[in-house]
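Student: Please take a close look at one part of this model, the largest pocket, and place it in its surroundings. I would like to know what lines the pocket and how the strands around it are arranged.

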Amino acid sequence: CALPIWAEVETLKNEIKFSLDNDSFRFIANEDIIFRGMVNRTGNIAIYNLYENTFNKVYQEKIATPNKEFVLPSTKNRIVAKLPEDKLTSKEVLMFIFTENDYEFRNHYSELEMRTFISSIPSHQRQVINRYVYIMRSI
């Protein structure tokens with residue numbers, strides 16, 4: 001016996017508009033770093049650095065005002081470009097995660113743990129931006 005099944009399915013649409021001012025970043029070692037961008041929702045942004053197969057949390061902040069340029073870090077904090085002692089340059093990946101709801105962002109994730117964490121957040125409640133960052137030692 002075969003029965004036809006009919007279902008009306010609505011796909012969830014991600015309405016989050018999240019952008020950064022730059023597509024890639026170049027810094028000198030020990031230089032202060034500032035990121036600028038825009039998001040059309042309130043929520044949380046976490047920045048992670050992928051280095052040697054581990055995502056390390058660099059910064060986290062709550063976005064309280066949508067559709068207004070944000071500047072990270074806020075005025076009371078600093079992010080500084082660091083370069084391993086034995087290197088002249090470094091090419092790394094920064095991951096910017098925006099979520100509408102509050103989540104516990106751990107300080108460290110393996111690549112698999114990060115994929116699992118991002119997948120656990122409903123796709124219509126998150127937006128992820130990856131950017132390369134180049135850090136050079138001043139000469």
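Tutor: The lining of the largest pocket draws at least two residues from each of four strands, namely β4 (43–51), β5 (54–63), β7 (89–99) and β9 (126–136). The model is a predicted one, and the pocket in question has a volume of about 290 Å³. Its lining comprises 16 residues, and those nearest the centre are Asn-49, Val-58, Val-80, Lys-82 and Glu-92. By class, 12 of the lining residues are nonpolar, two are polar and two are charged.

The four strands named above belong to one sheet. This sheet is open, has six strands in the order β2-β9-β7-β4-β5-β8, and shows mixed pairing. Its edges are β2 (24–28) and β8 (108–110), each of which pairs on one side only. On average, and with direction ignored, neighbouring strands here are turned by 30° against each other.

The pairings can be followed along the sheet, starting at the β2 edge. β2 runs parallel to β9, and five bridges join the two. Phe-25 of β2 stands opposite Val-133 in β9. Phe-25 also belongs, with Phe-27, to the covered face of β2, while Ser-24, Arg-26 and Ile-28 make up the uncovered face.

Further along, β7 and β4 are antiparallel and pair over seven bridges. One residue ties this pairing to the pocket: Asn-49 is among the lining residues nearest the centre, and the bridge partner of Asn-49 in β7 is Leu-94.

β4 also pairs with β5, again in the antiparallel sense, over nine bridges. Within that pairing, Tyr-48 stands opposite Lys-57 in β5. The two strands form a hairpin with two residues between them, and Glu-52 in the turn has a positive phi of about 50°.

At the other edge, β5 and β8 run antiparallel and are joined by three bridges. Phe-55 has Tyr-109 as its bridge partner in β8.

A helix accompanies this sheet. Helix α1 (residues 111–120) packs on the sheet and touches β4, β5, β7, β8 and β9. The direction of α1 makes about 100° with that of β8.

The loop between β7 and β8 contains Tyr-103. Contacts of Tyr-103, leaving aside residues up to four places away in sequence, are Phe-117, Ile-121, Pro-122 and Gln-125. The relative accessibility of Tyr-103 is 24%; the range for partly exposed lies between 20% and 50%, so Tyr-103 counts as partly exposed. Tyr-59 lies 44 residues from Tyr-103 along the chain, and the C-alpha atoms of the two are separated by 14 Å.

For comparison, there is a second pocket to consider. The second largest pocket holds about 160 Å³ of space. The residues lining the second largest pocket are Glu-61, Lys-62, Ile-63, Ala-64, Thr-65, Lys-68, Glu-69, Phe-70, Val-71 and Ser-74. Two elements, β5 and β6 (70–72), give two or more residues to this lining. The largest contribution is that of β5, with three residues. By class, the lining of the second largest pocket has four nonpolar, two polar and four charged residues. β5 thus appears in the linings of both pockets.

β6 leads to the other sheet of the model. This is an open sheet of three strands in the order β1-β3-β6, with antiparallel pairing. β1 (18–20) and β6 are at its edges with a single partner strand each, so one side of each has no neighbour in the sheet. From one strand to the next the twist averages 30°. β1 pairs with β3 (residues 35–39) over three bridges in the antiparallel sense, and Ser-19 stands opposite Met-38 in β3.

To return to the request, the lining of the largest pocket includes at least two residues from each of β4, β5, β7 and β9, and these strands sit in the open sheet of order β2-β9-β7-β4-β5-β8.

Methods
Residues are numbered from 1 along each chain as its sequence is written. This is a predicted model: local features need pLDDT of at least 70, side-chain atom pairs count only at pLDDT 80 or more; totals for chains, interfaces and linings use all residues. Side-chain values use heavy atoms; hydrogens and water are left out. On a 1 Å grid over the protein atoms alone, a cavity is a set of points where a 1.4 Å probe fits but cannot get out, and a pocket is an open set with protein on both sides within 12 Å along at least five of seven lines; lining residues have an atom within 4 Å of a point. Grid points are joined across faces, edges and corners, and a volume is the space filled by probe spheres set on the points. Ala, Val, Leu, Ile, Met, Phe, Trp, Tyr, Cys and Pro count as nonpolar, Asp, Glu, Lys and Arg as charged, and the others, Gly among them, as polar. Two strands pair if DSSP finds at least two bridges between them. Axes are lines fitted to C-alpha atoms, for helices over the stretch in contact, and angles run from 0 to 180 degrees between N-to-C directions. Contact means heavy atoms within 4.5 Å. Buried means under 20% relative accessible area, exposed over 50%, partly exposed in between (1.4 Å probe, protein chains only).
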